[in-house]
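I opened my notebook to go through this protein from the outside in. I will jot down each thing I looked up, one entry at a time.

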Amino acid sequence: MTRSRAVGTKGVPRGERESQILVAGTEEFGRAGYAGASMVEIARRVGVTKPLLYQYFGSKEGLYLACLHRAGDRLTEGVAETMAAGGDPERMPLAVLAAIFATFDHDRYAWKLLRDPTVPATGDIAAAAGDYRERLDAFALVGAGQLLGSRGSSDALDVEALAHVWTGVVDSLISWWIDRPAETAAVMTDRCARVMAALFGW
């Protein structure tokens, strides 16, 4: 995938400029991880100076946190809304996937920030990422419980195991999707419907 062209921001309102920085930061952090990401590269993509990034976000950690919250809030809100709408438990896994694909269709590397193995083990980033993962894991447990319950099973360890498997499936599918920009959210949702039908009979 080719690198993004720098976007000039001279005369752009602060809010719009911050949005441009968050988009560029998300892609750079998603590609390289927190540890490998370059503030110089982020500034180049946006067409601003490196000091401006620090002026806006204080530090590399501050910019990562802003990108992480942007990704995590959108994701957890989208999944929560989808699950709150209810419906057939058998169709909920695909509905959740569709919501995730729609959320990140034009911002795919945002997903990587939620499970970045290069972030510090302690501190604000670790706490925020852990919180988002816990929320997503809780959604997976609810969905697994509803699905197994619809089939007459209430075994707690079965629910836990299915939620764990589902979390891995979602991460694998999105990681595969990230590197295929021609796959739109709608196309990917249809593909997952076929894959899940083949694997699970859903």
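**Charges.** I began with the charged side chains. I found 22 positive and 25 negative ones in the protein. The centres of the two sets lie 10 Å apart. I note here that I am working with a predicted model.

**Surface.** Next I looked up the accessible surface. The value is about 10200 Å². Carbon and sulfur atoms hold 56% of that surface.

**Outer dimensions.** I then checked the box around the C-alpha atoms. Along the principal axes, the box is roughly 60 × 35 × 25 Å.

**Secondary structure.** How many helices and strands does the protein have? I found nine helices and zero strands. Reading along the sequence, I wrote down the pattern α-α-α-α-α-α-α-α-α.

**Contacts.** I took the contacts with a separation of 6 or more. Of these, 68% join residues 24 or more positions apart.

**Burial.** The protein has 202 residues, and 44% of them count as buried. I picked two cysteines to look at. Is C67 buried or exposed? C67 has 0% relative accessibility, so I marked C67 as buried. The cut-off for buried is under 20% relative accessible area. C192 has a relative accessible area of 1%, and therefore C192 is buried as well.

**Disulfides.** With cysteines in mind, I asked how many disulfides a search of the whole structure finds. The search finds zero.

Methods: Residues numbered from 1 in each chain as written. Predicted model: local features only at pLDDT ≥ 70, side-chain atom pairs only at ≥ 80, totals over all residues. Heavy atoms only, no water. Helix = DSSP H or I, 4+ residues; strand = E, 2+ residues; numbered from the N terminus. Buried < 20%, exposed > 50% of the residue type's maximum accessible area, 1.4 Å probe, protein only. Contact = heavy atoms within 4.5 Å. Areas by Shrake-Rupley, 256 points an atom, 1.4 Å probe, with all protein chains shown as cover. Lys, Arg positive; Asp, Glu negative; His and termini not counted. Charge placed at Lys NZ, Arg CZ, Asp CG, Glu CD. Disulfide = S-S within 2.5 Å.
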